[in-house]
Amino acid sequence: MLITKDFHDVPTKLGKNERPIRIFVISPKVPGYPQAKFPGVVVFSEIYQVTGPVERFAGQIASHGYVVAAVSFHEFEGPEAIPYDIEGPCAPWANHVSSPPQVEKEVVAYDEDATLTIDLLTSLPNCTGRIAATGMCLGGHLAFRAAFDPRVLSAVCFFATDIHGATLGKGGDDSLTRVRAGELTGKGELVMIFGKQDTHVPRAGRDLIRKTLEDASVPVSFLEVQAQHAFIRDESSKGRWDAALTRSLFTFMMEVFERTVGRDLGPMVEGSKGVEHVC
């Protein structure tokens, strides 16, 4: 499908300096059908904000028939993308005068960003109100937290950072604590995707995330692939981009979105009959 691009500057109450966040909206366009409606997807970016790779990723989703909202959440930095080409393991903040912005920002402010983005999507006349979420790196964690919102029916999280260490935001986060409390139990479908060579989320961290989700009976698919961190970034990946694997997992993600938000199945009814053991 053809796509169009726009943006909305949305005021926040909890962000630093109370500056607005910029939400980029990429919509499908079907000539001759001005009243067409599509499900929505929130795309949470890595710490560099909505860069070229993130915009292309969002555009591909939109071209499959989804209204996509990609949020720039560092309101203290402005909405512009941060260059990838600064050296160092935490490149965007290598010259930052104090703590990295993703540490200075409180988790409640990140959650507000997600709520405002979902609010915007559901208010758009071309959106059906059926919402999914995805994201990578820091944005993978934000997509994970977006799944706590009952309006989000599925979330696909690529190499989500800080979940295992509860280190998102100023003072840390409560993501796994909320999972243990049952806040994702009986909710939408979750997909966690990690590279086995990811130095940001080591094996022990991945094992903790998997165990916590499964112990809480969260409907989760947990994929570990032969890849490093940021393997879906098609620009300035620092030697980690795997195009073939990215294409395969993008297809997997779209199957999840098509099944969970692509059509209206009505309310879910739990069946009393267990899975039959057959050969």
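**Exercise 1. Locate K105 and decide whether this residue is buried or exposed.**

K105 lies in the loop that links helix 2 (101–104) to helix 3 (107–123), where helices are DSSP runs of H or I with at least four residues and strands are runs of E with at least two, numbered from the N terminus. The model is a predicted one, in which local features need pLDDT of at least 70 and side-chain atom pairs count only at pLDDT 80 or more, while totals for chains, interfaces and linings use all residues. Residues are numbered from 1 along each chain as its sequence is written, and side-chain values use heavy atoms, with hydrogens and water left out. The relative accessible area of K105 is 4%, so K105 is buried; buried means under 20% relative accessible area, exposed over 50%, and partly exposed in between, with a 1.4 Å probe and protein chains only. As a last step, take the C-alpha atoms of K105 and H74, which are 31 residues apart along the chain and are separated by 8.3 Å.

**Exercise 2. Describe the surroundings of V261.**

Begin with the chain: V261 belongs to the segment after helix 7 (243–260). Next, consider cover: with a relative accessible area of 1%, V261 is buried. Then list the partners, leaving aside neighbours within four places in sequence: V261 is in contact (heavy atoms within 4.5 Å) with P39, Y66, R130, I131, A132, L153 and S154. For R130, which is 131 residues from V261 along the chain, the C-alpha separation is 5.4 Å.

**Exercise 3. Determine how many residues of helix 4 are buried.**

Helix 4 covers residues 138–146, and 9 of its 9 residues are buried. Among them are the charged-type side chain R145, as well as H141, L142 and F144. For the protein as a whole, 50% of the 279 residues count as buried.

**Exercise 4. Assess the overall fold and the confidence in it.**

The protein holds 7 helices and 8 strands. Its radius of gyration, taken over C-alpha atoms, is 18 Å, close to the 19 Å of the globule rule for 279 residues, so the protein is as compact as a globular protein of that length; the rule is 2.2 Å times the number of residues to the power 0.38. Among contacts between residues at least 6 apart in sequence, 72% join residues at least 24 apart. The pLDDT, the predictor's confidence in each residue from 0 to 100, averages 90, and 90% of the residues score at least 70. Over residues 88–99, however, the pLDDT is below 50, although this stretch has 22 contacts in the model beyond near neighbours in sequence. Where pLDDT is low, predicted coordinates should not be read in detail.
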